[in-house]
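This briefing addresses a protein structure at the level of its sheet, its packing and its metal site. Please consult the sequence and the structure shown here while reading.

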Amino acid sequence: MLLQIPALFSPDEVREIRALLESAEWVDGRVTAGHRAVSVKDNLQLPLDHPVARQLGERILERLSITPLFIAAALPLRILPPRFNRYEGGGTYGNHVDNAVFPIPGTPVRVRTDVSTTIFFSDPDEYEGGELVVEDTFGEKRVKLPAGDAIVYPGSSLHRVTPVTSGTRFASFFWTQSLIRDDRQRCMLFELDSAIQQLCADHPDHPSIDGFTNTYHNLMRGWSET
Ligand code: NI
């Protein structure tokens with residue numbers, strides 16, 4: 001499933017976040033690339049322990065926790081601290097697959113990367129190129145969203161960022177371990193949940209709402225891992 005979350009941050013918030021990102025000291029993204037990714041990665045990133053990364057990371061996690069669309073789609077169990085990247089001057093990240101498991105730094109906790117999320121902090125007209133290209137069973141999707149929007153896609157997908165040939169592309173990305181490991185099951189739950197929400201909105205007294213809601217929770221109970 002590839003799902004857009006519109007306006008996770010408002011234009012005012014994006015301006016504020018951008019000012020912080022622009023004033024930070026960025027480092028070569030290859031320092032955290034795995035052994036196969038290092039040859040295709042050419043971008044800048046904020047060190048994980050950079051104060052701006054920590055501050056904005058907290059802010060993103062807080063926002064996600066009150067965003068029903070993200071919660072319904074990702075069914076999060078644990079989320080890795082958000083990372084921040086910057087592409088300019090031809091910067092790119094060729095085709096790669098992310099590691100399956102990452103530790104949360106400074107803790108014994110490990111997170112399986114079921115769901116990937118990218119938040120765009122530059123508007124599409126601020127840079128050329130820089131599309132996130134995601135390949136999966138649904139084919140190839142090219143993603144370039146308004147600043148403040150996010151895209152949620154399967155952690156299992158092959159993906160790349162095309163070269164940014166002019167301007168600068170700021171973004172954040174992070175991985176989520178979902179209560180539901182399997183992308184197809186998670187997708188079915190999301191569709192069922194969306195249908196129930198729609199039914200509740202259109203026919204709030206419909207007697208079938210309880211039955212469908214019960215089925216949703218029973219599927220969650222059967223499939224979820226905590
Ligand atoms: Ni990646």
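How many residues does the largest nonpolar core have, and which of them have the most contacts inside it? In this predicted model, the largest nonpolar core has 32 residues, and Leu 21, Phe 84 and Phe 121 have the most contacts inside it. The points below take up this core, then an open sheet, the nickel ion and Val 97.

**Nonpolar cores**

- At least two residues of the largest core come from each of the following helices: H1 (11–23), H2 (51–64), H3 (68–74) and H4 (183–202).
- Strands S1 (3–5), S10 (115–120), S14 (150–154) and S16 (164–178) likewise each supply at least two residues of this core.
- Helix H2 provides the largest share of the core, namely five residues.
- Another core, of 14 residues, lies apart from the largest one; Leu 132, Val 134, Ile 151 and Val 164 are among its members.
- In soluble globular proteins, nonpolar side chains tend to be buried together.

**Surroundings of Phe 121**

- Leaving out residues up to four places away in sequence, Phe 121 touches Leu 21 and Phe 84.
- Under that exclusion, the residues touched by Phe 121 also include Phe 9, Val 14, Ile 17, Arg 18 and Ile 60.
- Ala 147, Phe 170, Ala 171 and Ser 172 are likewise touched by Phe 121.

**Open sheet**

- Five strands form an open sheet in the order S3-S7-S15-S12-S13, and their pairing is antiparallel.
- Strands S3 (41–42) and S13 (139–143) are the edge strands, each pairing on one side only.
- Five bridges join S12 (residues 132–136) to S13 in the antiparallel sense.
- Val 134 has Lys 141, in S13, as its bridge partner.

**Nickel ion**

- The nickel ion has His 96 (NE2), Asp 98 (OD) and His 159 (NE2) as its protein donors, at 2.1 to 2.2 Å.
- Along the sequence, the donor residues follow the spacing H-x1-D-x60-H.
- Of these donor residues, His 96 and Asp 98 are both buried.

**Val 97**

- The loop between strand S7 (92–96) and strand S8 (101–103) contains Val 97.
- Is Val 97 buried or exposed? Val 97 counts as partly exposed because its relative accessible area is 49%, whereas exposed requires over 50%.
- Apart from neighbours within four places in sequence, Val 97 is in contact with Ser 157 and Leu 158.
- Val 97 and Gln 198 are 101 residues apart along the chain, and their C-alpha atoms are separated by 35 Å.

Definitions and conventions. Residues numbered from 1 in each chain as written. Predicted model: local features only at pLDDT ≥ 70, side-chain atom pairs only at ≥ 80, totals over all residues. Heavy atoms only, no water. Pairing = 2+ DSSP bridges. Helix = DSSP H or I, 4+ residues; strand = E, 2+ residues; numbered from the N terminus. Core = buried A, V, L, I, M, F, W, Y, C linked by side-chain atoms within 4.5 Å. Buried < 20%, exposed > 50% of the residue type's maximum accessible area, 1.4 Å probe, protein only. Contact = heavy atoms within 4.5 Å. Donors = N, O, S within 2.8 Å, 3.2 Å for Na, K, Ca; no water.
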